[in-house]
Amino acid sequence: MGAAKRAIGSVRWAVAAMVVAVVAVACTVPTSTPPTEPSVPVGDDAIGLNQLQYLGSHNSYKTQPSFGLLAALGLGSAAVPELAGSGLDPAQLNYGHRPLTQQLDSGIRSFELDIWADPTGGRFAAPLAAQLLGQPYPPGMDDPGFKVLHIQEIDYLSTCPTLVGCLEEMTAWSDAHPGHLPITINLELKQDPLPSPFDVTPIQEFDAAQLDALDADVAAVLGDRLITPDEVRGSAPDLRTAVTTAGSGGGWPTVADSRGRFLLFLDNAGQLATRYLDGHPSLQGRALFTSDGFSRPDGAVLKVNDPGDGSAIAALVQQGFLVRTRADADVVNPGPDRAAALASGAQMVHTDFPAGEPQLGTGYQVAFPTRVQARCNPVNTTPATCTAAAAVEPAA
């Protein structure tokens with residue numbers, strides 16, 4: 001980007017930030033850390049990790065598609081309108097994120113990774129769009145292991161192409177920033193083929209063997225940094241009881257005990273979640289939480305992508321569940337859900353436009369005016385039990 005474009009972008013961002021500051025202070029990012037912000041954590045041993053609210057990025061690994069790819073998809077969608085409905089609408093793919101390390105530096109503590117099984121390696125090494133458009137092939141795809149990308153053949157570029165690589169990047173940052181707030185990651189397991197004529201790569205299903213391999217990779221990289229279902233269940237009969245019943249013998253660890261650690265959950269419902277539970281009642285021995293156990297014993301983390309008016313999520317949060325929602329689901333016209341998502345108390349609020357990555361032109365973003373993108377939860381805490389100092393990280 002040239003100096004002129006950067007200058008224009010800076011002006012647009014400044015104007016947008018001033019407007020948003022008037023209507024929603026919680027959604028702005030100042031140019032520097034407020035001088036009154038605490039720099040030493042206090043009181044974080046008196047609240048659970050579920051009593052904060054964390055802002056995160058949706059499809060956190062995704063890079064901006066090339067102009068050539070977007071133009072080609074535009075022509076294809078015009079000729080075959082049903083393609084846009086299959087997730088290939090170029091307007092909805094026109095966004096990308098900075099590398100995970102830079103997002104962490106900006107205070108983001110919640111992420112999403114889409115992963116694909118590739119036990120023999122090379123499955124996604126030569127995507128169709130790269131072949132047709134003469135674009136570079138994605139790096140790091142030849143070796144066996146889980147790959148991280150959005151849409152096979154089409155939107156395939158990632159800042160960290162492998163799951164192990166993504167996790168290692170985050171743990172390296174974690175090592176350099178002791179005392180950071182817990183990092184949550186939802187893993188969306190992807191196995192659906194594209195519509196013809198794009199369905200050229202055979203897709204590996206997430207069968208029992210692949211699910212076990214996923215657990216093994218997560219555990220190998222994160223080790224004792226991982227907050228597991230077994231830890232949260234404790235001596236309670238199941239996870240649901242542990243997180244919703246005081247004195248059950250389980251429950252969410254405190255923020256203090258969660259610092260420097262990671263919590264991962266499946267962003268999948270139905271058959272995949274059932275398969276992940278098979279032989280592991282209430283997720284015994286598993287590395288990840290599920291996200292669809294609304295009425296099951298494994299219910300602890302729940303996904304409610306559409307916040308609605310926020311009341312349904314608020315009720316779940318008040319019961320003790322950890323909830324993930326989205327502040328925006330429309331890349332072109334984001335914004336209508338932002339206020340409800342933040343007010344709902346959902347602990348993980350994801351956006352395509354997090355701190356430091358405003359939408360080009362409008363300046364829309366979802367951010368808190370603090371160094372770390374976290375705050376006391378507006379639903380299940382009170383000033384008496386959570387203060388701003390509980391949600392900070394030690395100053396570098």
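Let's start at tryptophan 252, which counts as buried at 11% relative accessibility, because anything under 20% falls in that class. Keep in mind that this is a predicted model. Tryptophan 252 has an aromatic neighbour in phenylalanine 289: the ring centres are 5.8 Å apart and the planes meet at 45 degrees, so the pair is tilted. Phenylalanine 289 is buried too, with a relative accessible area of 0%. Where do the two residues sit along the chain? Tryptophan 252 belongs to the loop between helix H10 (239-244) and helix H11 (255-258), while phenylalanine 289 belongs to the loop between helix H12 (271-277) and strand E6 (301-303), so their pairing ties together parts that are 37 residues apart in sequence.

That pair is one of four aromatic pairs found in a search of the whole structure. Another is made by phenylalanine 353 and tyrosine 364, and this one is edge-to-face, with 5.9 Å from centre to centre and 85 degrees between the planes. Both phenylalanine 353 and tyrosine 364 lie in the loop between strand E8 (348-351) and strand E9 (374-376), 11 residues apart. Both are buried as well.

Rings also meet charges here. The charged end of arginine 286 sits over the ring of tyrosine 276, at 4.1 Å from its centre. Elsewhere, lysine 62 lies over the face of tyrosine 95, with 4.4 Å to the ring centre.

Go back to the loop between H12 and E6 for a moment, since leucine 283 is found there. What is the sign of phi at leucine 283? The value is positive, near 65 degrees, in a residue other than glycine. Leucine 283 counts as buried, at 0% relative accessibility. Glutamate 153 gives a second example: its phi is near 75 degrees, again positive in a residue other than glycine. You'll find glutamate 153 in the loop between strand E3 (147-148) and helix H7 (163-176), and at 3% relative accessibility it counts as buried.

Now follow the chain into the strands. E6 and E7 run parallel and are joined by three bridges; one to look for is lysine 303, whose bridge partner in E7 is arginine 324. Between these strands the chain passes through helix H13 (residues 311-319), making a β-α-β crossover that is right-handed. On to the next step: E7 pairs with E8, also in the parallel sense and over three bridges. Here arginine 324 turns up again, with methionine 348 as its bridge partner in E8. The route from E7 to E8 goes through helix H14 (residues 338-343), and this β-α-β crossover is right-handed.

How many of the residues of strand E7 (residues 322-326) are buried? Five of its five are. Both faces are covered, with Leu322, Arg324 and Arg326 buried on one side and Val323 and Thr325 buried on the other.

Finally, zoom out to the protein chain as a whole. Its secondary structure comes to 14 helices and nine strands. Of its 396 residues, 53% are buried. Among contacts between residues at least 6 apart in sequence, 71% join residues at least 24 apart. The accessible surface comes to about 15,900 Å², and 59% of that belongs to carbon and sulfur atoms.

Terms used
Residues are numbered from 1 along each chain as its sequence is written. This is a predicted model: local features need pLDDT of at least 70, side-chain atom pairs count only at pLDDT 80 or more; totals for chains, interfaces and linings use all residues. Side-chain values use heavy atoms; hydrogens and water are left out. Rings of Phe, Tyr and Trp (its six-membered ring) pair if their centres lie within 6.5 Å; planes under 30 degrees apart count as stacked, over 60 as edge-to-face and the rest as tilted. Helices (H or I, at least four residues) and strands (E, at least two) are DSSP runs, numbered from the N terminus. Buried means under 20% relative accessible area, exposed over 50%, partly exposed in between (1.4 Å probe, protein chains only). A charge sits over a ring if NZ of Lys or CZ of Arg is within 6 Å of the ring centre and within 35 degrees of the ring normal. Contact means heavy atoms within 4.5 Å. Accessible areas come from the Shrake-Rupley method with a 1.4 Å probe; for residues, only the protein chains shown count as cover. Two strands pair if DSSP finds at least two bridges between them. A crossover is right-handed if, with the strands pointing away from the viewer, the path from the first strand over the helix to the second runs clockwise.
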